[in-house]
Amino acid sequence: MKLLLPSLLLSIAAFAEEPAADIAPILEKIRKGSPAECVEAIGKLTPGKEERAAKPMAVRLITEADAQARAVIREALGAYKGMVLVQAMKTGLETKGVTDDYRQIAIELLAPEKSEAAVALVVKIAFASEMKAMRESGQKALVAYEDLSIKPTLPYLKAGDQKIASEAVATMKSIGTEAVGKALILFIPDGGEKEILRIVGITNKTRDQVAKALIDMGDKAVPGLLTGLDSPLYVRWSGWCLQQMTGETYATTDRAAWAAWWKRRQAENSGR
């Protein structure tokens, strides 16, 4: 038995190394082969199983002009899931020569991936692309991610380009959850233009847009606005938003009155 063990281990080691030897020429054809060779090489792989092929495919897709090869590569990439796909698309998006067509494919492939890593890639497309249509596509994907998109989207409210800041506000409004309401409270501080720029790094226009978004969100924004009433920095705008949203005339500083109104409102919503 002792004599058989070393031989058995060598056999297992040789078997384990065999896939690495087989995959090398396949990866080479994916990287540098003709379109037909690339398609043939991908056909030899079990869909979504050979992780080492994901990044070469993602990079090849950037420059591949052949329609059939592009379709095959895209379908093969779509078979990967989780971080394998995310890392592959990250490599592709960071490669020179990326086009908006490629970015759109990335959005579509990453849409099912409900992870912070996937959102981090999409948010860059959503707010950094020069083409409005491309940004809109990315922003639509962010809305579908819901609360996962909040943290990476917030910094764009501080964008030097007012257009981008406004789009970030609109994206947050479209997500429209209670978590969004709570996050946006930090962007309605009291003060003049220079003061709010110093405090949170936004313009007066962005603050106005955030306030309007909170009002439009209705009940989803109320928990955050009630929290804002507790802070001298946010009480004025939080109270004003509540007044505009509800038509009630309670003082902006009357926390108890607003809390009582919210309790009644919740009872109405639940049918009690």
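## Two tryptophans out of sight

Let's start with W258 and W261: both of them are buried. Keep in mind that we are looking at a predicted model here. How far apart are these two in helix α16? W258 and W261 are three residues apart in α16, which spans residues 255–269, so about one helical turn separates them.

Aromatic rings can meet in several ways, and there is a neat way to talk about that. A pair of aromatic rings is described by the distance of the centres and the angle of the planes. The count for this structure comes to five aromatic pairs. One of them is W258 with W261, an edge-to-face pair with 6.1 Å centre to centre and 80° between the planes. Planes over 60 degrees apart count as edge-to-face, so the 80° of W258 and W261 fits that label. The two tryptophans also have company: Y250, W258, W261 and W262 form one aromatic cluster.

## Cysteines without a bridge

How many disulfides does the structure hold? The number is zero. As a reminder, a disulfide is a covalent bond between the sulfur atoms of two cysteines. Where do the cysteines C38 and C241 sit, buried or exposed? C38 has 0% relative accessibility, so it counts as buried. C241 is buried too, with a relative accessible area of 0%.

## Helix α10, mostly wrapped up

Next comes helix α10, which runs over residues 162–175 and has 14 residues. From its first C-alpha to its last it reaches 20 Å, close to the 20 Å expected at 1.5 Å a residue. Ten of those 14 residues are buried, so the helix is largely enclosed by the rest of the structure. Among the buried ones are Q162, I164, A165, E167, V169 and M172. What does the covering? The cover over the buried residues of α10 includes α7 (116–128), α8 (132–145), α9 (150–153), α11 (178–184) and α13 (204–217).

The ends of α10 deserve a look as well. D161 caps the N-terminal end, with a side-chain oxygen 2.9 Å from the backbone nitrogen of K163. Just after the helix, G176 takes a positive phi of about 65°.

## Helix α4, with a buried side

Helix α4 covers residues 67–78, twelve residues in total. Its reach from first C-alpha to last is 17 Å, close to the 16 Å expected at 1.5 Å a residue. Which residues of α4 are buried? They are A69, R70, I73, A76 and L77. Look down the helix axis and these buried residues fall within an arc of 130°, so they line one face of the helix. The face turned away from that buried side carries the exposed residues A67, Q68 and E75.

What do the buried residues of α4 pack against? Their partners are α2 (35–43), α3 (54–63), α5 (82–93) and α6 (100–110). This helix has a cap at its N-terminal end too: a side-chain oxygen of D66 lies 3.2 Å from the backbone nitrogen of Q68.

## Zooming in on R70

R70 is found in helix α4. With 18% relative accessibility, R70 counts as buried, because the cut-off for buried is under 20%. A polar atom of the R70 side chain lies 2.9 Å from the backbone oxygen of L61. Leaving out residues up to four places away in sequence, R70 touches L61, E64, A65, D101 and I105.

## A few spots with more exposure

Not every residue in this tour is buried. E136, in helix α8, is partly exposed, with a relative accessible area of 42%. Its C-alpha atom is separated by 33 Å from that of K49, and the two residues are 87 apart along the chain. E146 lies in the loop between α8 and α9. With 48% relative accessibility, E146 counts as partly exposed. E146 also has a positive phi of about 60°, although it is not a glycine.

Last stop: L233, in the loop between α14 (222–228) and α15 (235–246). L233 is partly exposed, with a relative accessible area of 29%. Which residues does L233 touch, not counting those up to four places away in sequence? They are I188, P189, D190 and I199. The C-alpha atoms of L233 and L154 are separated by 19 Å, with their positions 79 residues apart along the chain.

Note on methods: Residues are numbered from 1 along each chain as its sequence is written. This is a predicted model: local features need pLDDT of at least 70, side-chain atom pairs count only at pLDDT 80 or more; totals for chains, interfaces and linings use all residues. Side-chain values use heavy atoms; hydrogens and water are left out. A disulfide is a pair of cysteine sulfur atoms within 2.5 Å. Buried means under 20% relative accessible area, exposed over 50%, partly exposed in between (1.4 Å probe, protein chains only). Rings of Phe, Tyr and Trp (its six-membered ring) pair if their centres lie within 6.5 Å; planes under 30 degrees apart count as stacked, over 60 as edge-to-face and the rest as tilted. Helices (H or I, at least four residues) and strands (E, at least two) are DSSP runs, numbered from the N terminus. The expected span of a helix is 1.5 Å times one less than its number of residues. Contact means heavy atoms within 4.5 Å. A polar contact is a pair of N or O atoms within 3.5 Å; within protein, one must be able to donate a hydrogen and the other to accept it, and residues adjacent in sequence count only if both atoms are side-chain atoms. The arc is that of the directions from the helix axis to the C-beta atoms.
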